[in-house]
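Colleague: I am new to this structure. Before we start, please put the sequence and the model in front of us.

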Amino acid sequence: MTDDATFQRAYIGLGSNLETPQRYVLTALNELAMLPLCRLNAHSRLYASRPLGPQDQPDFINAVAILDTRFSPLALLDQLQALEQRHGRLRQRRWGPRTLDLDLLLYADSHINVPRLRIPHPEMTRRAFVLVPLAEVAPELTLPDGQRIDALARDMQQDGLRVVLPER
Ligand code: ROI
């Protein structure tokens, strides 16, 4: 028996659209890899996406990471929020531009609904910039309600979503 048994699989959505968004996302991936009690299992390529919400803001860079963790969901959320703060998370208005967003999308097969945290992330199935990178790293994944991620991603309007890193 290895201690792997205590790791739970979490999926994290990353997003940034201020200053140097590719750098923010790449740095955040490195920092996820260095979190205590966690192992960065995989991450998607980096995608550029048109902003959902107000259009008078720059395009976003989005990616998804698979993080195996021994933190509880709320302890992991604390870690992600501390990481956002360390990046001087700038967020002037709701649905406006931000330097770094880290969304806890899924945690094992958990359903969580507390004021600080809802899992699965309530918006994830409506967002191509989440579903497409998620299907890239976890094509076999199903949501706790049985929906397949690859099918959801395929059925999604992917307008404006394009891979920017690695360059081809
Ligand atoms: N739009 C895109 N394309 N990507 C995001 O990560 C993102 N994040 C947000 C809002 C402002 C809703 N729009 C977004 O928080």
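**The ligand and its pockets**

Modeller: This is a predicted model. One contact to begin with: a polar side-chain atom of Asp-101 lies 3.5 Å from an oxygen atom of the ligand.

Colleague: Why is the pair formed by Asp-101 and an oxygen atom of the ligand called a polar contact?

Modeller: The cut-off is a pair of N or O atoms within 3.5 Å. The pair at Asp-101 is 3.5 Å apart, so it counts as a polar contact.

Colleague: What makes Leu-52 and Asn-62 polar contacts of the ligand?

Modeller: For Leu-52, a polar backbone atom is 2.8 Å from a nitrogen atom of the ligand. For Asn-62, an N or O atom of the side chain is 2.8 Å from an oxygen atom of the ligand. Both values are within 3.5 Å, so both pairs qualify.

Colleague: How much of the ligand's accessible area does the protein cover?

Modeller: On its own the ligand has 350 Å² of accessible area, and the protein covers 94% of that.

Colleague: Which residues are around the ligand, and how do they divide into nonpolar, polar and charged?

Modeller: Among them are Ser-49, Arg-50, Pro-51, Phe-60, Trp-95, Gly-96, Arg-98, Arg-127 and Phe-129. The shell divides into five nonpolar, three polar and four charged residues.

Colleague: What makes Gly-96 one of the polar residues?

Modeller: Gly-96 is around the ligand. Gly is counted with the polar residues, so Gly-96 goes into that class.

Colleague: Which pocket does the ligand take up?

Modeller: The ligand takes the space of the largest pocket. About 870 Å³ of space lies in that pocket. Its lining has 36 residues, and the closest to its centre are Arg-98, Asp-101, Asp-103, His-121 and Arg-127.

Colleague: Which element supplies the largest share of that lining?

Modeller: Strand S5 (101-107) does, with five residues. Elements that each supply at least two residues also include strand S1 (8-16), strand S4 (60-69), helix H2 (73-86) and helix H3 (128-137). By class, the lining holds 15 nonpolar, nine polar and 12 charged residues.

Colleague: What is in the second largest pocket's lining?

Modeller: The second largest pocket has about 240 Å³ of space. It is lined by 13 residues, and Arg-50, Leu-52, Ala-128, Phe-129 and Asp-159 lie nearest its centre. Six of the lining residues are nonpolar, three polar and four charged.

Colleague: Where are the cis peptide bonds that you list?

Modeller: One joins Ile-119 and Pro-120, with omega about -5 degrees; Pro-120 is in the loop between S7 and H3. Another joins Leu-165 and Pro-166, again with omega about -5 degrees. Pro-166 is in the segment after strand S8 (162-165).

Colleague: What is the phi of Glu-19?

Modeller: Glu-19 has a positive phi of about 55 degrees although it is not a glycine. Glu-19 is in the loop between S1 and helix H1 (21-33).

How values were computed:
Residues are numbered from 1 along each chain as its sequence is written. This is a predicted model: local features need pLDDT of at least 70, side-chain atom pairs count only at pLDDT 80 or more; totals for chains, interfaces and linings use all residues. Side-chain values use heavy atoms; hydrogens and water are left out. A residue is near a molecule or strand if one of its heavy atoms lies within 4 Å of it. A polar contact is a pair of N or O atoms within 3.5 Å; within protein, one must be able to donate a hydrogen and the other to accept it, and residues adjacent in sequence count only if both atoms are side-chain atoms. Accessible areas come from the Shrake-Rupley method with a 1.4 Å probe; for residues, only the protein chains shown count as cover. On a 1 Å grid over the protein atoms alone, a cavity is a set of points where a 1.4 Å probe fits but cannot get out, and a pocket is an open set with protein on both sides within 12 Å along at least five of seven lines; lining residues have an atom within 4 Å of a point. A molecule sits in a cavity or pocket if more than half of its atoms lie within 2 Å of its grid points. Grid points are joined across faces, edges and corners, and a volume is the space filled by probe spheres set on the points. Helices (H or I, at least four residues) and strands (E, at least two) are DSSP runs, numbered from the N terminus.
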